[in-house]
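Colleague: Can you walk me through this one? I'd like to talk about the pocket and the helix packing.

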Amino acid sequence: SYCPQSGGFFSDLTLHDNLKAISEIVIKNKNYRQERVNYLISKFEFDNLKDIKAKFLSGGQKKRLVIALALLSNPKILLLDEIYAALDVLTIKMMQEIIVNLQQEHQITICICDHQARDLLATCDLAMILSEGKIIAEDTPSNLVTNINAKNAYFGDNFKIN
């Protein structure tokens with residue numbers, strides 16, 4: 001069964017079969033299809049997880065699978081919503097490394113919406129604060145946290161980034 005609430009994968013299929021199924025939709029060339037699936041299994045260090053059903057993966061593994069599924073078609077832009085929600089500190093660090101690596105290695109523009117400001121600001125070049133559908137402030141992370149409008153709308157006075 002396909003379950004979008006749980007992240008956009010087929011919960012009863014293995015990790016490998018999820019990648020294979022979506023690759024059959026988005027990649028026409030059969031040889032490249034298998035090459036791309038193998039590349040993503042290696043890139044995301046899924047070798048020991050590929051035969052596990054998606055529903056049995058941890059929260060962080062499921063999020064990594066969803067990103068891998070999105071990358072099958074070599075997108076120019078990747079939209080990530082609440083990517084850091086409900087993850088432990090080590091998994092957040094791993095997700096940050098993946099995101100930064102994707103930006104640098106593949107020149108993918110990544111747009112992340114998240115309430116975890118500290119985790120989000122550690123991975124981006126440009127950030128903005130939205131309130132009631134309007135841009136309150138937009139700048140580099142270090143400038144944004146000192147912006148008076150951003151402080152008033154979101155950060156408060158004591159917010160710091162490392």
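Colleague: Start with the pocket. How do the residues of the lining of the largest pocket divide into nonpolar, polar and charged?

Modeller: They divide into 17 nonpolar, four polar and four charged. Nonpolar here is Ala, Val, Leu, Ile, Met, Phe, Trp, Tyr, Cys and Pro; charged is Asp, Glu, Lys and Arg; the others, Gly among them, are polar. Bear in mind that this is a predicted model: local features need pLDDT of at least 70, side-chain atom pairs count only at pLDDT 80 or more, and totals for chains, interfaces and linings use all residues. Residues are numbered from 1 along each chain as its sequence is written, and side-chain values use heavy atoms, with hydrogens and water left out.

Colleague: How much space lies in the largest pocket?

Modeller: About 700 Å³. A pocket is an open set of points on a 1 Å grid over the protein atoms alone, where a 1.4 Å probe fits, with protein on both sides within 12 Å along at least five of seven lines; lining residues have an atom within 4 Å of a point. The volume is the space filled by probe spheres set on the points, which are joined across faces, edges and corners.

Colleague: Which residues are closest to its centre?

Modeller: Ile112, Cys113, Leu120, Ala127 and Met128, out of 25 that line the pocket.

Colleague: And which element gives the most to the lining?

Modeller: Strand S4, with five residues. Strands (E, at least two residues) and helices (H or I, at least four) are DSSP runs, numbered from the N terminus.

Colleague: Switching to helices. At what angle do H1 and H3 pack?

Modeller: About 25 degrees, with axes 9 Å apart. Axes are lines fitted to C-alpha atoms over the stretch in contact, and angles run from 0 to 180 degrees between N-to-C directions. So H1 is roughly parallel to H3; the cut-off is under 35 degrees, with over 145 roughly antiparallel, 65 to 115 roughly perpendicular and the rest oblique.

Colleague: Which residues meet there?

Modeller: Leu15, Asn18, Leu19 and Ile22 in H1 meet Leu65, Ala68 and Leu69 in H3. Contact means heavy atoms within 4.5 Å. That contact has six nonpolar residues, one polar and no charged.

Colleague: What about H1 and H2: at what angle do they cross?

Modeller: Roughly 140 degrees, and the axes come within 10 Å. That makes H1 oblique to H2. His16, Leu19, Lys20, Ser23 and Glu24 of H1 touch Arg33, Gln34, Val37 and Ile41 of H2. Here the split is three nonpolar, three polar and three charged.

Colleague: Last one. How many helices and strands in the chain?

Modeller: Seven helices and six strands.
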